[in-house]
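Here is a brisk report on one chain. It starts from a single residue and works outward to the fold.

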Amino acid sequence: MTDTVDDLPPLREVISNHGLSAQKKFGQNFLFDLNLTRKIARCAAPLNEGCVIEVGPGPGGLTRALLLEGTQNLYAIEKDDRTRDILSEINKASGGRLHVIEGDALEVDIPSLGEAPRRIVANLPYNVATPLLISWLKNAHAFKQMTLMFQKEVAERIVATENDKNYSRLAVLANWCCDTRLEFILPARAFTPPPKVESAVVSLRSLAEPRYPCTIDTLETVTAAAFNQRRKMLRRSLKLLNIDVEALLTEAGIDPTIRAENVSLEEFCTLARIYEEMKKA
């Protein structure tokens, strides 16, 4: 069947016809500009292999763009059943390339969807963006790439490196198993309704192997403690781990008086390995 997604009515018209409005409980902010949604889609190219997974398609602005840019198998996970008819119309126009899964993305086994290589492309609902990202990083091997929109502040925390004020637990976890890149920034006025903050698109390309040996669960535990009290010295913040912190830092060769934002990715991985060994002892 010929692709007729580009013949669909303008998104604003579709939303008006269906009486749809963005709802805060779903973390919705609609993006109508097809130029912007196609720009997001192109950041994830090539889209014509394996499958693409979208979370929170809403009325389908980004969904249309992904299909127009060549996605052959698109899985869209949507919690808001008000969009069912709209997404059904997009599926029909695409010749059946869209597969809608009704449910909560936090409860869907996303790493098992479709065929590899898998790409996640999503304008994430801000209220669940961080837990979703962490769950996907724990299964990063299942994805070729993740191209995700966050609040700008969160995006900057993902791509930061040590000695940067934005350096965070997310930066450590993401860059342990992925190459990260901030693609571009979107102003609040691009959305309806406009959020109070700017947004940014980040690409995370999965590595064949993590950069340094450790387990991501232990790395998450160590970084959660370190960044929970980021202005405190490590010998204070890591007390949350309930072990001999001085012994941990001495064995890792890390100055106990520095703060989390000054600890490199490699050093955090070293801390995670030694911490795991100490817990087993």
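## A buried leucine

L132 is found in helix 5 (residues 129-137). Helices (H or I, at least four residues) and strands (E, at least two) are DSSP runs, numbered from the N terminus. The model is predicted: local features need pLDDT of at least 70, side-chain atom pairs count only at pLDDT 80 or more, and totals for chains, interfaces and linings use all residues. Residues are numbered from 1 along each chain as its sequence is written, and side-chain values use heavy atoms, with hydrogens and water left out.

L132 is buried, at a relative accessible area of 1%. Buried means under 20% relative accessible area, exposed over 50%, and partly exposed in between (1.4 Å probe, protein chains only). Leaving aside residues up to four places away in sequence, L132 touches V55, A105, L106 and L124. Contact here means heavy atoms within 4.5 Å. R97 is 35 residues from L132 in sequence, and the two C-alpha atoms are 24 Å apart in space.

## The chain as a whole

The chain has 11 helices and 9 strands. Its C-alpha trace spans about 65 × 35 × 25 Å along the principal axes. The radius of gyration is 21 Å, which agrees with the value near 19 Å for a compact globule of 281 residues. That radius is taken over C-alpha atoms, and the globule rule is 2.2 Å times the number of residues to the power 0.38.

Of the 281 residues, 50% are buried. The chain exposes about 13,000 Å², and carbon and sulfur atoms supply 46% of it. These areas come from the Shrake-Rupley method with a 1.4 Å probe; for residues, only the protein chains shown count as cover. Among contacts between residues at least 6 apart in sequence, 70% join residues at least 24 apart.

## The sheet

An open sheet of 7 strands runs in the order 4-3-2-5-6-9-7, with mixed pairing. Two strands pair if DSSP finds at least two bridges between them. Strand 4 (98-102) and strand 7 (178-186) stand at the edges; each has a single partner strand, so one side of each lacks a neighbour in the sheet. The twist averages 20° from one strand to the next.

Which strands does strand 9 pair with? Strand 9 (residues 199-206) runs antiparallel to strand 7, joined by 8 bridges. Strand 6 also pairs with strand 9 in the antiparallel sense, over 7 bridges. On the strand 7 side, L182 has V202 as its bridge partner in strand 9, and D179 stands opposite R205. M149 is bridged to V201 of strand 9. Of the 8 residues of strand 9, 6 are buried, so the strand is largely enclosed by the rest of the structure.

Helices cover this part of the sheet. Helix 2 (residues 34-43) lies across strand 5 (118-123), strand 6 (143-151), strand 7 and strand 9, at about 170° to strand 7. Helix 7 (residues 169-177) lies across strand 7 and strand 9, at about 120° to strand 7. Axes are lines fitted to C-alpha atoms, for helices over the stretch in contact, and angles run from 0 to 180 degrees between N-to-C directions.

## Salt bridges

Side chains of opposite charge can pair when their charged atoms come close. A salt bridge here is a side-chain nitrogen of Lys or Arg within 4 Å of a carboxyl oxygen of Asp or Glu. The count comes to 18 salt bridges. Three of them are tabulated.

| Pair | N to O distance |
|---|---|
| K79 and D104 | 3.5 Å |
| R84 and E102 | 2.6 Å |
| R157 and E153 | 3.1 Å |

K79 and D104 link distant parts of the chain, 25 residues apart. K79 sits in the loop between strand 3 (74-78) and helix 4 (84-93), and D104 in the loop between strand 4 and strand 5. K79 is exposed at 51% relative accessible area, while D104 is partly exposed at 22%.

E102 lies in strand 4 and R84 in helix 4, so their salt bridge ties together parts 18 residues apart in sequence. Both are partly exposed: E102 at 48%, R84 at 42%.

R157 and E153 are 4 residues apart in helix 6 (residues 152-159), about one helical turn. R157 is partly exposed at 25%. Elsewhere, K138, R169, D217 and E220 are linked in a network of salt bridges.
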